[in-house]
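Open the model in your viewer and keep the selection tool at hand. The stops below say what to select and what to look for.

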Amino acid sequence: MSDTAVRVRELRKKYGDVTAVDGISLDIARGEVFALLGPNGAGKTTTVEIMEGHRRRDGGEVSVLGEDPGRAGRAWRSKLGIVLQSATDAAEFTVRETVHHFASYFPRPRDPDSVIELVGLSGKADARIRALSGGQRRRVDVALGVVGNPELLFLDEPTTGFDPEARRQFWSLISLLSDEGTTIVLTTHYLDEAETLADRVGVIAQGRVVAIGEPATLAGRAEAEATVSWSTPDGERRVKTMTPTRVVADLIAQFDGEIPELTVRRPTLEDTYLGLIGEQP
Amino acid sequence: MTTTLPMQPTDIRPAETVRLPSAGRLALKRGALELKGFFRTKGQFIVIFSLPAIMLMLLGAMSGSRVGLPGVTGAQILTAGMIGAGIMGTSFQNLGINIALERHDGTLKRLYGMPMPRTAYFGGKIIQVLVCMIAEVILLITVGVLMFGIHLPTTLEQWFTFTWVLILGGISCTFLGIAAGSLPKSTRGANAVITLPFLIVQFCSGVYIPFSDVPWFLQIFASIFPLKWMTQGMRSVFLPEQAVVLEPTGAWELPMVAVALGIWCVVGLLLCLRTFRWTARDS
């Protein structure tokens, strides 16, 4: 068993004249949580759907759990969990019926009722899916993604429509699955989500990988200039510096005691991200 | 100094033999789920399942016995026609709308990503169609017998004809329904794209009015489609023998019925194989 769950080389995909994916290469290790970030239309969903076997590629190599998604069979699919971006299916069935039904497709499923509890839908288990709110409906999708006990879980914008509390619950669920050794690939618009969950992030823009790495050090974030700010009788002062500690030491010498409203700020993941996709923070 | 290492759980899993559930078992599970879904979706249940029986009751009560042939009523002709239409409704119309909805609401996409053999999906559809079709035919025959004095077939030969017309008609319309499910571009369009042509073919095929009353060019148009042949076969089963003179050719033409439906089975299968897509087109 190789240590690489997903290996992509020079992946290309066109829709008519529009190039959606323009030579993406990346590796995702087993057990890793990997987040794909990028603006709408950057090629995130296309990339993930090619990995899932939902779309054909025009060029490049893709290996997922050691197999080519374009050719792999049922045994391969039984090791994957897929949470699609938008589904409104199974409207007339209850949560319990649906989760039990799809569990029966897998050779070693998780207990369906435990999965319903895990995603926080125990109270709605006998409600028709049609009657659920958008966020609850999304949790059904997540339940169907994990009920097969997958080695590799794909989540395409899983928390869209979640309230902040539901998002926190979802994050702890992902951490739990990750602790159990599940490899997780997610796309998201939320940078706090990527920063909290992901071991590594890949930023895609216009069909290309523009940066890849750990959230804390992405694109030289850790070494980038920090901003030190404090207030003076004349108003706020800001200094951009590579040596914030020295600036603060100077300030301590200058002020006797507390430095008013002192902050030292490193660039956030959002600043780094916006810089990468070509928009100034 | 010796240290005793604490015993670690080895966490070695037994050799992995992935045993996937069999296609047959999953087809049964899908069939049961599909049936539950069909009877819970009120739109489908009312339009596809109940409407033929309601139409039969209403039109049958209005048609009286204006045919002018002893022992043959318009309601009997209508019953035979509605049985044909009921078979096509529970297969062609049912699947055409149902698969179009499944393509647009993400059902097909979800199933494609699941470890489910393709045969289980189609097996489930066939189970759903078969159960609905048989229930529909029983319902229509019951209405015909109780309200309009049609007679159940008495000879083995008639039962044999009934069975093969049902099977060949059902199979051809099932294939055509699966193929037609690729046509609607949206969920809302599904009903119009599937139901309107079906309604036109019903009128031309002598479902609502006796086939001999249909203008000749529409008779020829109707002969292209399977429904005309299905109603003709059903008339040969449920109408008295003397009613054969009402057929435009003066004969039941059962061999021709078998050939026409047989051809549609093959054409339908080819159309299915050419048109069916699990995922939205890459465009």
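How many residues does helix α9 of chain B have, and how far does the helix reach from its first C-alpha to its last? Select residues 226-238 of chain B: helix α9 has 13 residues and reaches 19 Å, close to the 18 Å expected at 1.5 Å a residue. The expected span is 1.5 Å times one less than the number of residues. Helices (H or I, at least four residues) and strands (E, at least two) are DSSP runs, numbered from the N terminus.

Before going on, note that this is a predicted model, in which local features need pLDDT of at least 70, side-chain atom pairs count only at pLDDT 80 or more, and totals for chains, interfaces and linings use all residues. Residues are numbered from 1 along each chain as its sequence is written, and chains are lettered from A and ligands numbered from 1 in the order in which they are written.

Colour α9(B) by burial. A residue is buried if 20 or more other C-beta atoms lie within 10 Å of its own, exposed if 12 or fewer, and partly exposed in between, with C-beta atoms placed from the backbone. By that rule α9(B) is mostly covered, with 13 of its 13 residues buried.

**Where the chains meet**

Show both chains. Contact here means that the C-beta atoms of two residues, placed from the backbone, lie within 7 Å. On that basis 24 residues of chain B are in contact with 24 residues of chain A. On the chain B side, α1 (23-40) and α4 (107-112) each supply at least two residues, and the largest share, 5 residues, comes from α1(B).

Now select α1(B) alone. This helix has 18 residues and reaches 25 Å from first C-alpha to last, where 26 Å is expected. Its buried residues include L26(B), A27(B), L33(B) and F38(B), and also the charged-looking names on the list, K29(B), R30(B) and E34(B). What covers the buried residues of α1(B) includes α3 (95-103) of chain A, together with α2 (42-63) and α5 (118-148) of chain B.

**Chain A as a whole**

Hide chain B. Chain A has 9 helices and 12 strands, and its C-alpha atoms fill a box of roughly 70 × 45 × 35 Å along the principal axes. Of the 281 residues in chain A, 40% are buried.

**The hairpin at the start**

Select residues 4-29 of chain A. Strands pair if DSSP finds at least two bridges between them. Strand β1 (4-15) and strand β2 (18-29) pair in the antiparallel sense over 9 bridges. In this pairing L11(A) has I24(A) as its bridge partner, and V8(A) has L26(A). The two strands form a hairpin with 2 residues between them, and G16(A) in the turn has a positive phi of about 65 degrees. Add residues 59-64: β1(A) also pairs with this strand, β4(A), in the antiparallel sense over 5 bridges. There R7(A) is matched with S63(A).

**The six-stranded sheet**

In which order do the 6 strands of the open sheet in chain A lie? The order is β5-β6-β7-β3-β8-β9, with mixed pairing. Its edge strands are β5 (80-83) and β9 (208-213), each pairing on one side only. Inside the sheet, β3 (33-37) and β8 (200-205) pair in the parallel sense over 4 bridges, and L36(A) stands opposite G202(A).

Next add helix α6 (164-179) of chain A, which lies across β3, β6 and β7 (183-188) and runs at about 150 degrees to β7(A). Axes are lines fitted to C-alpha atoms, for helices over the stretch in contact, and angles run from 0 to 180 degrees between N-to-C directions.

**The smaller sheet**

Move to the open sheet of 3 strands in chain A, ordered β11-β10-β12 with antiparallel pairing. The edge strands are β11 (235-241) and β12 (263-265). Strand β10 (226-232) is joined to β12(A) by 3 bridges, and V228(A) has V264(A) as its partner. Helix α8 (244-254) lies across β10, β11 and β12, at about 15 degrees to β10(A).**The nonpolar core**

Last, select V99(A), one of the residues with the most contacts inside the largest nonpolar core, which has 69 residues. Such a core is a set of buried Ala, Val, Leu, Ile, Met, Phe, Trp, Tyr and Cys residues joined through C-beta atoms within 7 Å. Leaving aside neighbours within four places in sequence, the contacts of V99(A) include P112(A), V115(A) and A143(A).
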